[in-house]
There are 2 protein chains.
Amino acid sequence: MTVDDPTLAAADHRHAVTGSGKPACLLVDWGSTRLRLWLVDDRLAVLDRESGPQGQASLTPQDYEPLLTGYLDRHGLSYDLPIAICGMAGALAGWREAPYLDCPATLMTLADHAIPVSDRLPRCAILPGVARRDDTHPDAMRGEETQCLGAHVGGVGDGWLCLPGTHSKWVRLQDGMVQHFSTYMTGDLYAALGRHGALAGLMAPDGADHDLMAAHLAEFDAMVATALADEGGSWDRLFALRAAVVTGQRDGAATAARLSGLLIGAEIAHIRRSLDGVVSIIGDPSLAALYARGCDSAGINHTILDAEAVTIAGLGSAARRLADIPTGT
Amino acid sequence: MTVDDPTLAAADHRHAVTGSGKPACLLVDWGSTRLRLWLVDDRLAVLDRESGPQGQASLTPQDYEPLLTGYLDRHGLSYDLPIAICGMAGALAGWREAPYLDCPATLMTLADHAIPVSDRLPRCAILPGVARRDDTHPDAMRGEETQCLGAHVGGVGDGWLCLPGTHSKWVRLQDGMVQHFSTYMTGDLYAALGRHGALAGLMAPDGADHDLMAAHLAEFDAMVATALADEGGSWDRLFALRAAVVTGQRDGAATAARLSGLLIGAEIAHIRRSLDGVVSIIGDPSLAALYARGCDSAGINHTILDAEAVTIAGLGSAARRLADIPTGT
């Protein structure tokens, strides 16, 4: 994608921007396992970034506020600074619940449903997630909706977004709304099978080692092709990854790449019947690259967006609406 | 199934038998996580049974012999007693490797390929497993082939066997041979997802609690039906189990039953295109009952065989051939 929207361009720290250079708001992506913060100016140029392991899963409700006030104190910032938060901090087991919006959900109005969290931080709020309250197939997201907003304000039009991760999301954007989405537990399955069961002994203890993966891309591709040929019905292929090693037909070293190919391939095989047009992939660069390879194998046109830029653009758009910050243009 | 074959009947401790009543051989099913022994007479009537957690995964090669000699010593038995072992003791990482027979494999000749293991136990041997050395879909079993032998000598003719467990096997028997088989990692997946990832918090720490499962059989059945309707392509349903809870549509208490139904349903949906005739289910009674429910939902005719009787019949048949023991008839 060519980034020709000033908001997205400003959000990308690799581009020179002409903003005030003064802190305008703090943007926070508070996930299950990671906390990421960006201090930005009125053009969303990044003045400072921080990242740490203080994810929702390791925190109690009392732990959140001191992490933010600590950051503000260290940087000599006012507690009155606008702060926009997305992600699992808004889950029932997070800081304070920000109830889901029902799908279809209008992205530009996410901020109108944000939940304030603390009297000490009067302009700090958590954005809601989006849920499909479908009796036969419920689904939910927290955080990805803000990335969708970022892609939308960055100029991505109607079509599909792919947000790979622990819980991969495939989102249909239309008229500025999340019209539909589906979650695949691919990353979670990969991690669970890497730590427990018959495949665990064949894999690196913490799942994907990127160098290892890079050395076995041909095996990854072969398993994607297998899953696509199976049309995703590859449940019986999981044990075959181990059987290939115990029968001496394959070296165990490639098992991580083969499992990754099988699971990503099954995901793509399943979703591809719904897709049309170009898919925009938003995620960790190495994971996005694997999904791009999978899309290539499936004949799906795709483009990779910078995940950090999209997150900043989405949080920044919400922060401006929350705090009535002029766009600086 | 009516057990009308004398071998199977003799192996079943609930039937009165007329054997010598003297120890004729020791039968051992040495799995990954469990060790099970049966001391039997010449008609395979069980004189003593033991079971313990000394599975292959927790042992080094030096640990095996003392476990057997300890048993023999405690019962005042000669080290010359015939001992037939099946299962993971014969894996590369077990006591001594008993190389796989290639599929199709003749069951009655399993014993001819058994591997002796110890000079101190001259009539003790490990039965081989069976492997599919198929480049695109390798597969392997250790232990289930001996249960297939037991079903065969017990009068089960040509057709399909289902052996549910950590690695569920579906086996096509024909002319006394394992003609074909497929493994599904269903039990392993269930356990991995119960201990790690987004579903883990919703489930009992050690997976299936049978009382809990029994209380939610309607939810189990509903998810089997879902997987069957999806024709097994249910990868996107896994996260829906969690989403149903976080969106408030379902109580988390039934999640274990719903996951079990989804995974068993996906397995049955995938294999059913290959099946014909009546499927004989051999496994832990509570797990066999769940597979039987799944088969009912899929319109698959089935019968449940007593897993212990089948194992004893298979090991006993092999032990007789190994040791040239008269059948006592």
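Let me begin at one pair of residues in chain B, where B:Ile282 stands opposite B:Leu305 of strand 15. Before going further, I should say that this is a predicted model, in which local features need pLDDT of at least 70 and side-chain atom pairs count only at pLDDT 80 or more, while totals for chains, interfaces and linings use all residues. Residues are numbered from 1 along each chain as its sequence is written, chains are lettered from A and ligands numbered from 1 in the order in which they are written, and side-chain values use heavy atoms, with hydrogens and water left out.

Strand 14 of chain B, residues 279–282, pairs with strand 15 in the parallel sense over four bridges, where pairing requires that DSSP finds at least two bridges between the strands. Helices and strands here are DSSP runs numbered from the N terminus, with H or I over at least four residues for a helix and E over at least two for a strand. In strand 15 of chain B, residues 302–305, B:Thr303 and B:Leu305 point to one face and are buried, whereas B:His302 and B:Ile304 point to the other and are not; buried means under 20% relative accessible area, exposed over 50%, and partly exposed in between, with a 1.4 Å probe and protein chains only. In a regular strand the side chains alternate between the two faces of the sheet. Together with helix 9, residues 285–298, these two strands of chain B make a right-handed β-α-β unit, and right-handed says that, with the strands pointing away from the viewer, the path from the first strand over the helix to the second runs clockwise.

Turning to chain A, strand 14 (residues 279–283) and strand 15 are parallel and joined over five bridges, and A:Ser280 has A:Thr303 as its bridge partner in strand 15. Here too the chain passes from strand 14 of chain A through helix 9 to strand 15 in a right-handed crossover.

How are the two chains related? Chain B can be laid on chain A with an RMSD of 0.0 Å by a turn of 180 degrees and a shift of 0.0 Å along the axis, the superposition being by least squares on the C-alpha atoms of residues with pLDDT of at least 70 in both. That is the relation of a two-fold axis. The same surface serves both copies, since 100% of the contact residues of chain B recur in chain A, contact being heavy atoms within 4.5 Å.

As for the chain as a whole, chain A has ten helices and 15 strands, and 58% of its 329 residues count as buried. A compact globule with 329 residues would have a radius of gyration near 20 Å, and the 21 Å of chain A agrees with that; the radius is taken over C-alpha atoms, and the globule rule is 2.2 Å times the number of residues to the power 0.38.

Back in chain B, an open sheet of three strands has the order 5-9-10, with mixed pairing, and its edge strands are strand 5 (101–102) and strand 10 (139–141), each of which pairs on one side only. Strand 9, residues 130–132, runs antiparallel to strand 10 over three bridges, with B:Ala140 as the bridge partner of B:Ala131.

Helix 3 of chain B, residues 144–153, is mostly covered, with nine of its ten residues buried, and just after this helix B:Gly155 takes a positive phi of about 105 degrees.

Lastly, B:Ser260 lies in helix 8 of chain B, residues 255–271, and is buried, with a relative accessible area of 6%.
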